[in-house]
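Me: I should like to go through the assignments in this model and the criteria behind them. Please set each value against its definition.

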Amino acid sequence: MSAPEFAPAGVIAPGKVFRDQEGKVAQLHGVGIQQFGDTFYAWGEDKTNGDRFTGVACYSSTDLATWTFLGHALAADENIEDLGPDRIIERPKVLQAPDSRYVMFLHVESGDYSYARLGWAVADRPEGPYTYLRSERPLGNISRDIGVFQDEDGTGYVLSEDREHGLHIYRLSADHLAVEEIVSTTLAPPSDHPLGSHGLESPAVVKHEGLYYLFGSELTGWDTNDNQYATATSLAGPWSEWNGFAPAGSCTFDSQTSVVVPVRGTETTSFVYVGDRWIREDLFHSAPVWLPLTLKDGVAELQWHEQWTVDTVTGVVS
Ligand code: DGJ
């Protein structure tokens, strides 16, 4: 196990791990990020026990580079079957429902990835503690990697990968606690993947200038690939062809999409691509690969920077 490289204080350094206020390796894996007021909250997979569930770690930041650990928003609990220490829980994502409650969505798994369910937890504060509610297969479908999106009208959506059936976008109920209907389903570009036609995983959506950008990764386990994106003027589609948004062959600068964070500043709106560079045998030290993402006229483009910052007040990247 090689020693991790640490990001210098106050900057984003792709491929280098963030340390929290106590100098510990921040567990910002498979992370969900939301901005409430001037504070960004991040909920990440705590990989202290490798792939087995210990908790959803919550952090806060005002610059997306300096992260304060706020504790486990949701902790492993051997009295709740879905949260037991033998579980795998991935990609925690949070939305604030119109009733003001914070709703956490989870990919709840068994060790062999056959459970494939969507889980819900709720809290009164972004950092929790969250109360676990339940898991289900939405509308009976397998649900692995997830993402979330809330539109300008407050409607919530869950994106969920369903193997050979595709990547579904589900509309949520007003309280965000139930899945109501499939809004659209996309399939990955044709490939020689053993599943045949299938959906992309690690999904994320952002909206910019009236256009929805949908991001996802090919199904290659912990290995990286050239992630793809498509656009549409409605979440119901029709979606454009898939295209890469990083240099072809770079495997998305050796990372997998986790989420895309809008930074809506006083001068400009910037987008932060938040990716994971998984280390299969040492998931705890898997490095964040976070980069500025340009979205313009339907084209998404990721740029490599060794170190960078984003002014979360103005929105300007430097
Ligand atoms: C790829 C997914 O995106 C990850 O979240 C994780 O489930 C790995 N597969 C497990 O192989």
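Me: What makes strand β3 and β4 a pair, and how do they run?
Reply: The model is predicted: local features need pLDDT of at least 70, side-chain atom pairs count only at pLDDT 80 or more, and totals for chains, interfaces and linings use all residues. Residues are numbered from 1 along each chain as its sequence is written, and side-chain values use heavy atoms, leaving out hydrogens and water. Strands are DSSP runs (E, at least two residues), numbered from the N terminus, and two of them pair if DSSP finds at least two bridges between them. Six bridges join β3 (residues 55-61) to β4, so the criterion is met. The two run antiparallel, and Tyr59 stands opposite Phe69 in β4.

Me: Why do β1 and β4 count as edges?
Reply: In the open sheet the order is β1-β2-β3-β4, with antiparallel pairing. β1 (29-36) and β4 (68-75) each have a single partner strand, so one side of each is left without a neighbour in the sheet.

Me: What makes the approach of Glu90 to the ligand a polar contact?
Reply: A polar contact is a pair of N or O atoms within 3.5 Å. An N or O atom in the side chain of Glu90 is 2.6 Å from an oxygen atom of the ligand, so the pair qualifies. For the side chain of Arg91, the distance from an N or O atom to a ligand oxygen atom is 2.9 Å.

Terms used
Helices (H or I, at least four residues) and strands (E, at least two) are DSSP runs, numbered from the N terminus. A polar contact is a pair of N or O atoms within 3.5 Å; within protein, one must be able to donate a hydrogen and the other to accept it, and residues adjacent in sequence count only if both atoms are side-chain atoms.
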